[in-house]
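Here's a quick briefing to read with the structure open beside you. Take it one topic at a time, and find each residue as you go.

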Amino acid sequence: MTHILLIEDDAGTAHEITLELAANGYAVTHQVRLEDGFVAALDDGVDLLIVDRQLPDGEGLDLIARLRADGRRTPALVLSALGSLDDRVRGLRAGGDDYLPKPFALVELIARVEALLRRPNETRDTRLIVGPLDLDLLAGTATRSGRALDLLPRELKLLDYLVRRPDRIVTRSMLLRDVWGYTFEPNSNVVDVHMGRLRRKVDGESEPQLIRNVRGQGYVFDVPV
């Protein structure tokens, strides 16, 4: 049975979410405090995190960032009454995979949970070395020819996704579905913005291009010869 860890301090909201998840066949563990939630999230049996931002002992995004720094890649859905664009962007940059502002309909929560859990189960090697690139996913680091790449968690996830699909066109829809967990295409250039920043960090001015933009289609990771 799929195991979901819910970290939410509002008793009423937690009760409603737990009942809805259970009705849809999920096992749920509920924690109220950030530190208790962090310890529970280290369990390898947890398949998905649902994390409220405003917890009694801290910021839920800090919990997610700590997990990502620890090499934990468990999908995370952020819940918050803070629903501005800046708040959503901050949530995604902290390592969240999706962001659902409060109040929300339980049917939408379930749809987003299902989308995150549909991400492909790939072989999760924690160290990838391809040509000049060296990705250490447990440490959350990447280098090119010994040069450290200062990647945000989302950028590391994008690079991981590309490296595992060498010489193949990866479309924006694929990235939105498998990296962001969206089942729809938002009316924004979020993929292009992140990919542009990633390419500038990976491909230096005097270095052979590893990530190539295929106009109108997507991106390709070119395996070095």
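Which residues are linked in a network of salt bridges? They are Arg53, Glu59, Asp87 and Arg90. Keep in mind that this is a predicted model. The points below start with charged pairs like these, then move on to helices, cores and a few unusual backbone spots.

**Salt bridges**

- The count of salt bridges comes to 21.
- Take Arg90 and Glu59 from the network: they form a salt bridge whose closest N and O atoms are 3.8 Å apart. Arg90 sits in helix α4 (residues 85-93) and Glu59 in strand β5 (residues 58-59), so this pair links distant parts of the chain, 31 residues apart.
- The two partners have different surroundings: Arg90 counts as partly exposed, at 44% relative accessibility, while Glu59 is buried, with a relative accessible area of 16%.
- Lys102 and Asp52 pair up too, with 3.2 Å between their closest N and O atoms. Lys102 is in the loop between β7 (98-101) and α5 (106-117) and Asp52 is in strand β3 (residues 48-52), so the salt bridge ties together parts that are 50 residues apart in sequence.
- Here Asp52 is the buried partner, with a relative accessible area of 4%, and Lys102 is partly exposed at 25% relative accessibility.
- Arg164 and Asp160 form a salt bridge with closest N and O atoms 2.5 Å apart. Both of these residues are buried.

**Helix α6 and its surroundings**

- How many of the eleven residues of helix α6 are buried? Ten of them are, so α6 (residues 153-163) is largely enclosed by the rest of the structure.
- The buried ones include Leu156, Leu158, Leu159 and Leu162, but also charged-pair member Asp160.
- α6 meets helix α8 (residues 190-202): their axes come within 10 Å and cross at roughly 80°. The two helices are therefore roughly perpendicular to each other.
- On the α6 side of this contact you'll find Arg154, Glu155, Leu158, Leu159 and Leu162; on the α8 side, His194, Met195, Arg197, Leu198, Lys201 and Val202. Sorted by type, the contact residues are six nonpolar, one polar and four charged.
- Zoom in on Leu198: apart from neighbours within four places in sequence, it touches Leu151, Glu155, Leu158, Leu159, Leu162 and Ile211.

**Helices α7 and α8**

- α7 and α8 pack with their axes 10 Å apart, at an angle of about 85°. That makes α7 roughly perpendicular to α8.
- Arg172, Leu175, Leu176 and Trp180 from α7 meet Val190, Val191, Asp192, His194 and Met195 from α8. This contact divides into six nonpolar residues, one polar and two charged.

**Nonpolar cores**

- The largest nonpolar core has 30 residues, and the ones touching the most other members are Leu133, Leu159, Leu175, Trp180, Met195 and Leu198.
- β9 (133-136), α6, α7 (172-180), α8 and β14 (218-221) each supply at least two residues of this core. The largest share comes from α6, with six residues.
- There is also a second, separate core of 18 residues, and Ile7, Ala41, Ile64 and Leu67 are among them.

**A buried arginine**

- Is Arg68 buried or exposed? It counts as buried, because its relative accessibility is 11%.
- Arg68 lies in helix α3 (residues 60-69). Leaving out residues up to four places away in sequence, it touches Arg73, Thr74, Pro75, Ala76, Ala94, Gly95 and Asp97.

**Unusual backbone spots**

- Most residues other than glycine have a negative phi, and most peptide bonds are trans. The next three spots are worth finding for that reason.
- A cis peptide bond joins Lys102 and Pro103, with omega at about -5°. Pro103 is found in the loop between β7 and α5.
- Ser145 isn't a glycine, yet it has a positive phi of about 50°. Look for Ser145 in the loop between β10 (141-144) and β11 (147-148), where it counts as exposed at 60% relative accessibility.
- Asp167, also not a glycine, has a positive phi of about 60°. Asp167 lies in the loop between α6 and β12 (169-171) and counts as exposed at 52% relative accessibility.

Methods:
Residues numbered from 1 in each chain as written. Predicted model: local features only at pLDDT ≥ 70, side-chain atom pairs only at ≥ 80, totals over all residues. Heavy atoms only, no water. Buried < 20%, exposed > 50% of the residue type's maximum accessible area, 1.4 Å probe, protein only. Helix = DSSP H or I, 4+ residues; strand = E, 2+ residues; numbered from the N terminus. Contact = heavy atoms within 4.5 Å. Axes fitted to C-alpha atoms, helices over the stretch in contact; angles between N-to-C directions. Parallel < 35°, antiparallel > 145°, perpendicular 65-115°, else oblique. Nonpolar A, V, L, I, M, F, W, Y, C, P; charged D, E, K, R; others polar. Core = buried A, V, L, I, M, F, W, Y, C linked by side-chain atoms within 4.5 Å. Salt bridge = Lys/Arg side-chain N within 4 Å of Asp/Glu carboxyl O.
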